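Me: I would like to work through a protein structure slowly, with questions and answers. Please define each term when it comes up.

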Amino acid sequence: MSTILQPSKCKNPYVHGHCRFVIVGLASCSFPSWDTLYGCCFVIYYALVKLGNPPTDFKVLIDTGSDLLWIPCVSCTRCNYKIFNGARSAQVEWDKKTNYDVVYPDQSGTGGFYVSDRFTFDEFHGRTVTSNSSSVIFGCSTHESNFPTERQFDGILGLGPGKVSVLSQLASQGMTPKVLSMCLGPYTQPGASVGFLVFGEAIAPNMVYTPLIPHQPHYNIRLESIAVNGQVLPIDSAVFSIPKKRHGLNGLGTYMDSGTSLAFLPPIAYDIFINSIIMIMSVQNVKYYNSSGMLCFSSSAINLPSINFNFAGGSSMDLKPVDYLLPDRINMNGWCIGIVKSKGNTVLGELVLKNKIIVYDQIRQRIGWATADCKHKGITSKPNPNGGQLNLTSAMKVTGSFEPYGLSKAKNHISYYSLHLYIVTL
């Protein structure tokens with residue numbers, strides 16, 4: 001079991017594989033956070049954060065499944081990435097008496113102590129963007145282990161609902177509402193800017209919402225049914241719920257997690273779901289095969305079905321093939337369904353969240369989404385009487401086939417895509 005060690009504050013050991021209690025982190029639950037068991041691609045979305053005074057840029061993974069923001073510090077061993085040197089910062093405050101250790105489900109891990117320093121960000125005032133900063137607490141890692149050798153990020157930015165996430169800290173200071181909005185753009189040229197990350201509420205046409213389940217360590221929601229080509233599957237909705245008696249990491253219910261690459265369904269739901277896909281494909285005489293736990297097809301010239309995740313409140317997340325297919329890197333001609341079997345949780349990862357504006361609204365206790373063109377071409381906003389809201393000019397529908405991903409099919413390749421971070425003031 002993975003943990004963040006701080007017994008006096010850490011009360012829930014079953015949060016994304018570790019105790020959730022400080023700012024921001026990486027992710028998964030009971031499946032590999034780096035998708036090492038799967039032959040498919042691995043995609044990472046990251047943002048640049050500025051820490052220290054004067055500020056230094058760090059690339060951090062965007063993860064709504066945990067709370068700890070951590071980066072390697074100057075004393076870090078086995079850290080071959082950009083490091084935080086507090087000796088060069090004018091306002092740093094150290095807390096070397098309080099340690100943390102994070103071990104992720106794939107046995108990668110990090111640990112260190114906590115530090116407080118300036119966090120610099122771009123801030124919206126109506127149509128004007130200015131620079132501002134505030135003091136936040138984050139993790140200063142002194143050791144790391146078992147992260148990918150081709151890793152191109154420095155640390156992890158956890159954006160979960162915990163009190164000590166960066167979002168929660170800034171909200172408690174009255175600087176921004178406790179609302180997070182993001183748009184994960186399409187897989188194009190790795191390293192490209194393909195979306196945005198906003199501390200504040202993005203307002204866009206055709207937004208739909210579902211209630212958050214209160215007092216949970218993740219962004220938990222109620223999934224009521226799954227439909228394939230409009231036909232609701234015979235799955236008891238109880239399999240998607242948080243059980244009355246949790247079983248470690250496998251009793252977390254349904255939640256959205258930008259730090260997980262794929263989507264996961266509990267065994268009973270997955271079997272019914274995947275059999276419905278096979279039945280549709282068999283009518284077309286399409287050959288299918290299993291590759292590292294995924295259902296795959298040897299051709300892209302097929303008629304794949306639409307999928308609908310139906311949530312409490314009448315909202316639906318509609319997925320076309322472009323939203324759930326991935327190239328198979330074992331069979332170079334294959335395409336795989338990136339919805340796989342978990343040990344009990346239902347997790348909606350970045351694969352199904354991309355090409356959508358997602359709003360994690362802790363004020364109104366809801367999550368909203370709308371299909372959108374997430375390619376970052378600059379965000380414009382209109383003056384809004386409700387502070388902390390960002391009016392987007394449009395939410396264009398994304399169309400096209402599922403083949404032009406722009407992803408390398410080289411085995412074990414990791415593609416990185418950047419998002420710009422904005423903060424909307426109250």
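Me: Which residues form one aromatic cluster?

Reply: The model shown is predicted, so local features need pLDDT of at least 70 and side-chain atom pairs count only at pLDDT 80 or more, while totals for chains, interfaces and linings use all residues. Residues are numbered from 1 along each chain as its sequence is written, and side-chain values use heavy atoms, with hydrogens and water left out. Rings of Phe, Tyr and Trp (its six-membered ring) pair if their centres lie within 6.5 Å, and planes under 30 degrees apart count as stacked, over 60 as edge-to-face and the rest as tilted. The one aromatic cluster is formed by F84, W94, F113 and F138.

Me: How many aromatic pairs are there by this rule, and which class does the pair of Y219 and Y360 belong to?

Reply: The count by this rule comes to seven aromatic pairs. For Y219 and Y360, the centres are 4.6 Å apart and the planes make 50°, and the pair is tilted. Y219 lies in the loop between β11 (208-211) and β12, and Y360 lies in strand β24, so the pair ties together parts that are 141 residues apart in sequence. The values asked for are therefore seven pairs, with this one being tilted.

Me: Is Y360 buried or exposed?

Reply: Buried means under 20% relative accessible area, exposed means over 50%, and partly exposed is in between, using a 1.4 Å probe and protein chains only. Y219 has a relative accessibility of 1% and counts as buried. With a relative accessible area of 0%, Y360 is buried.

Me: Why is the pair of F311 and W369 given its class, and what is that class?

Reply: F311 lies in strand β18 and W369 in strand β25, so this pair ties together parts that are 58 residues apart in sequence. Both F311 and W369 are buried. Because the ring centres are 5.3 Å apart and the planes stand at 70°, the pair is edge-to-face.

Me: Which strands stand at the edges of the sheet with the order β13-β12-β18-β19?

Reply: Helices (H or I, at least four residues) and strands (E, at least two) are DSSP runs numbered from the N terminus, and two strands pair if DSSP finds at least two bridges between them. This open sheet has four strands with antiparallel pairing, and within it four bridges join β18 (residues 307-311) to β19, where N308 stands opposite D318. The edge strands each have a single partner, so one side of each is left without a neighbour in the sheet, and they are β13 (231-232) and β19 (316-319).

Me: What angle does α2 make with β17 in the sheet with the order β16-β17-β21-β20?

Reply: This is an open sheet of four strands with antiparallel pairing, and its twist averages 40° from one strand to the next. Axes are lines fitted to C-alpha atoms, for helices over the stretch in contact (heavy atoms within 4.5 Å), and angles run from 0 to 180 degrees between N-to-C directions. Helix α2 (residues 267-283) packs on the sheet and touches β16, β17 and β21, and its direction makes with that of β17 an angle of about 10°.

Me: Which residues of α2 are buried?

Reply: An α-helix has 3.6 residues a turn, so residues three or four places apart point the same way. The buried residues of α2 are A269, Y270, F273, I274, S276, I277, I278 and M281.

Me: How many salt bridges does a search of the whole structure find?

Reply: Side chains of opposite charge can pair when their charged atoms come close. A salt bridge here is a side-chain nitrogen of Lys or Arg within 4 Å of a carboxyl oxygen of Asp or Glu. The search of the whole structure finds six.

Me: Which residues are joined into one network by salt bridges that share partners?

Reply: E201 meets R364 in a salt bridge at 3.0 Å, N to O, and E201 also meets R366 at 3.3 Å. R366 lies in strand β25 and E201 in strand β10, so that pair ties together parts that are 165 residues apart in sequence. R366 also forms a salt bridge with D361, the closest N and O atoms being 3.5 Å apart. The network joined by shared partners is E201, D361, R364 and R366.
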